[in-house]
Amino acid sequence: MTFTIPIDSADFATRAIRIGHHRTAEGEHSEPIFNTSSYVFSSAAEAAARFSGEHIGNIYSRFTNPTVRAFEERLAALEGGERCVATASGMAAILAVCMGLLKSGDRIVASRSLFGSTTLLFNKYLTRFGIETTYVSLSNLTEWETAIDSHTKLLFCETPSNPLTEMVDLRQLATLAHRHDCVLVVDNCFCTPALQRPLELGADIVVHSATKYLDGQGRCVGGAVVGNQKLAGEEVYGVLRTAGPTLSPFNAWVFLKGLETLELRMLAHSQNAAQLAAWLNEQPAIERVYYPGLNTHPQHSLIGNQQRTGGGIVAFDVRGGQTAAWQLIDATQMLSITANLGDTKTTITHPATTTHGRLTPAERAAAGIGDGLIRIAVGLEAIADIQADLKF
Ligand SMILES: *Cc1c(COP(=O)(O)O)cnc(C)c1O
């Protein structure tokens, strides 16, 4: 049986739990994992009809798989997109978007503060195929507009940014993109659709690293692309089924179950992060706290408007540079020293020597990544225990 309440009238929480599972004749209550690489046809004629596209149905799991499709249907419904295409990782999602929508000679305009591998993909690999990227500061719409030329086809951003939580007004950026016939792609990894739905704000494509909050417990690597039928369902899906960075059924199942608690978790992450940010703000050893939920944040007005809450990531500058930052990190006993985020477990990172370590000191300074900067991806442990583990 299929979920029958019209998608548009069901609440987010209901969609997150009910959409995507098409119950089999076994009557299973939980979504099954279809661990099969191929599918059997009832006759030679049926096989021919499937291959020719005359009959729609499963052929091979690089093309379609019922568990992967369940995750895709559910995430599409949560992001408010017509189609979702699941991928083997977040980076595979970004690669598939670029391969599906761009050709040699096209240009990308992107925000400067991107996930490190995304910058590497654009600078080292896409350039080999004649695709150049220009970088602008995320929140400066004049810079975006100035950087667009007649070859620009795609605008790409993450909001809020990592690790400084800078935000851009997505409605305005989408309007600007469309005025220049560009596609706006938003990496919605930090917020997830529980806090921010870029497609509703005018973006054309959302990409995800499902590895982070969609999973929520640090178990699997995966990703997704959400958009309309033409862009996601044809252009991006075409790359996926041909080039092959598809999602495994097991990982799809883990993410599918992760989506069921996504809203609860994102609100709990946000609540913990807001409390931590307020507390950090009062510590004399700290120079500055970066958190969208603080009313001192430059784009704080976007909270409650474009982004429901501040999210789970907090960054701050400690006085005393790298020595003080490393001391604080090394003195923790519970927090995990890892660059991953979106886990129930709180993680702590020193961006200048890890995620942003490959940048030159000048590039780091330009990006606002100081030697005393620390990023915390706030988990779901009791806030008192997280605070107790940070000894200033
Ligand atoms: C982790 C991450 C990615 C890449 O995702 P993978 O699943 O590691 O390939 C892309 N964007 C952002 C914002 C991320 O945090």
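Me: What makes β1 and strand β7 (residues 223-227) count as a pair?

Reply: They are joined by 5 bridges, in the antiparallel sense. Two strands pair if DSSP finds at least two bridges between them, so 5 is enough. One spot to look at is Cys-84, which stands opposite Val-226 in β7. Quick note on what you're looking at: this is a predicted model, in which local features need pLDDT of at least 70 and side-chain atom pairs count only at pLDDT 80 or more, while totals for chains, interfaces and linings use all residues. Residues are numbered from 1 along each chain as its sequence is written, and side-chain values use heavy atoms, with hydrogens and water left out.

Me: What makes β1 an edge strand?

Reply: Take the whole sheet to begin with: 7 strands form an open sheet in the order β1-β7-β6-β5-β4-β2-β3, with mixed pairing. β1 (83-87) and β3 (132-136) each pair on one side only, and that puts them at the edges. From one strand to the next, the twist averages 20°. By the way, strands here are DSSP runs of E with at least two residues, helices are runs of H or I with at least four, and both are numbered from the N terminus.

Me: How do you know whether β1 is enclosed or not?

Reply: Count its buried residues, where buried means under 20% relative accessible area, exposed means over 50%, and partly exposed is in between (1.4 Å probe, protein chains only). In β1, 4 of the 5 residues are buried, so the strand is largely enclosed by the rest of the structure. β2 (107-111) is mostly covered too, with 4 of its 5 residues buried.

Me: Why is Ser-117 called partly exposed?

Reply: Its relative accessible area is 31%. That value sits between the 20% and 50% limits, so "partly exposed" is the right label. You'll find Ser-117 in helix α5.

Me: What makes the crossover from β2 through α5 to β3 a β-α-β one, and which hand does it have?

Reply: β2 and β3 run parallel and are joined by 5 bridges, with Ala-110 opposite Tyr-135 in β3. The chain goes from β2 through α5 to β3, and this crossover is right-handed. Right-handed means that, with the strands pointing away from you, the path from the first strand over the helix to the second runs clockwise.

Me: How do you know which strands β2 pairs with, besides β3?

Reply: Look at β4: 4 bridges join it to β2, and the two run parallel. The rule asks for at least two bridges, so they pair. Ile-108 stands opposite Leu-154 in β4.

Me: What makes a residue one of those around the ligand?

Reply: One of its heavy atoms has to lie within 4 Å of the molecule. The residues that pass include Ser-89, Gly-90, Phe-115, Asp-187 and Lys-212.

Me: How do you know what Asp-187 does with a nitrogen atom of the ligand?

Reply: A polar side-chain atom of Asp-187 lies 2.6 Å from that nitrogen. A polar contact is a pair of N or O atoms within 3.5 Å (within protein, one must be able to donate a hydrogen and the other to accept it, and residues adjacent in sequence count only if both atoms are side-chain atoms). At 2.6 Å, the Asp-187 pair is therefore a polar contact. A side-chain N or O atom of Lys-212 is 2.7 Å from a ligand oxygen, and a backbone N or O atom of Gly-90 is 2.9 Å from a ligand oxygen.

Conventions. Axes are lines fitted to C-alpha atoms, for helices over the stretch in contact, and angles run from 0 to 180 degrees between N-to-C directions. Contact means heavy atoms within 4.5 Å.
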